[in-house]
Amino acid sequence: MTRALFALAAAGLLLTACSTSKPYWFKNEVSAFDTANFESECKFQTGLSKVKEDQAEELVKHCMQAKGFRQRVDKPN
């Protein structure tokens with residue numbers, strides 16, 4: 001019984017993972033390569049500030065937004 005519940009839960013997680021998209025940073029006329037460089041720069045600057053992980057994520061978000069990027073999530077096909 002426990003195995004069946006575990007298998008059912010695992011299958012549900014897999015289906016959920018397949019149906020959602022990960023958010024990504026977007027800015028018109030900026031390549032994916034340059035976007036990754038900007039994000040790396042923001043993460044580096046945030047790492048220098050030595051804050052907690054949840055605060056660091058928020059700082060990276062604000063840094064990217066200050067550079068004109070916005071997060072997008074494409075709808076799954």
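I take buried as under 20% relative accessible area, exposed as over 50%, and partly exposed as anything in between. The model I am reading is predicted.

**Entry 1: Phe38**

I looked up Phe38 and put it in helix H2. Its relative accessibility came out at 32%, so I log Phe38 as partly exposed. I also checked Phe38 against Trp25. The two are 13 residues apart along the chain, and their C-alpha atoms are separated by 9.8 Å.

**Entry 2: overall layout**

I listed the secondary structure next. I get 3 helices and 2 strands. Read from the N terminus, the order is α-β-α-α-β. The chain has 77 residues, and 12% of them are buried.

**Entry 3: the disulfide**

How many disulfides does the rule give? I find 1. The partners are Cys42 and Cys63, with sulfur atoms 2.0 Å apart. I noted -75 degrees about the S-S bond, a left-handed link. Cys42 sits in helix H2 (residues 32-48) and Cys63 in helix H3, so the bond ties together parts 21 residues apart in sequence.

Then I checked exposure at both ends. Cys42 has a relative accessible area of 0%, so I enter it as buried. Cys63 reads 16% and also counts as buried, because the cut-off is under 20%.

**Entry 4: salt bridges**

I searched the whole structure and got 2 salt bridges. Side chains of opposite charge can pair when their charged atoms come close.

One bridge joins Lys43 and Glu39, at 3.7 Å from N to O. Both residues are in helix H2, 4 residues apart, so about one helical turn separates them. I have Lys43 at 49% relative accessibility, partly exposed. Glu39 is partly exposed too, at 22%.

Another bridge pairs Glu41 with Lys67, and I read 3.5 Å between the closest N and O atoms. This pair links distant parts of the chain, 26 residues apart: Glu41 is in helix H2, while Lys67 is in the loop between H3 and strand E2 (70-72). I log Glu41 as partly exposed at 34%. Lys67 is partly exposed at 24%.

**Entry 5: surface charge**

Which residues gather in a patch of negative charge on the surface? I wrote down Glu53, Asp54, Glu57 and Glu58. I followed up on Glu57, which lies in helix H3 (residues 53-66). Its relative accessible area is 54%, so I mark Glu57 as exposed.

Key:
Residues numbered from 1 in each chain as written. Predicted model: local features only at pLDDT ≥ 70, side-chain atom pairs only at ≥ 80, totals over all residues. Heavy atoms only, no water. Patch = residues over 30% accessible without salt bridge, like charges linked within 9 Å, V, L, I, M, F, W, Y side chains within 5 Å. Areas by Shrake-Rupley, 256 points an atom, 1.4 Å probe, with all protein chains shown as cover. Salt bridge = Lys/Arg side-chain N within 4 Å of Asp/Glu carboxyl O. Lys, Arg positive; Asp, Glu negative; His and termini not counted. Charge placed at Lys NZ, Arg CZ, Asp CG, Glu CD. Buried < 20%, exposed > 50% of the residue type's maximum accessible area, 1.4 Å probe, protein only. Disulfide = S-S within 2.5 Å.
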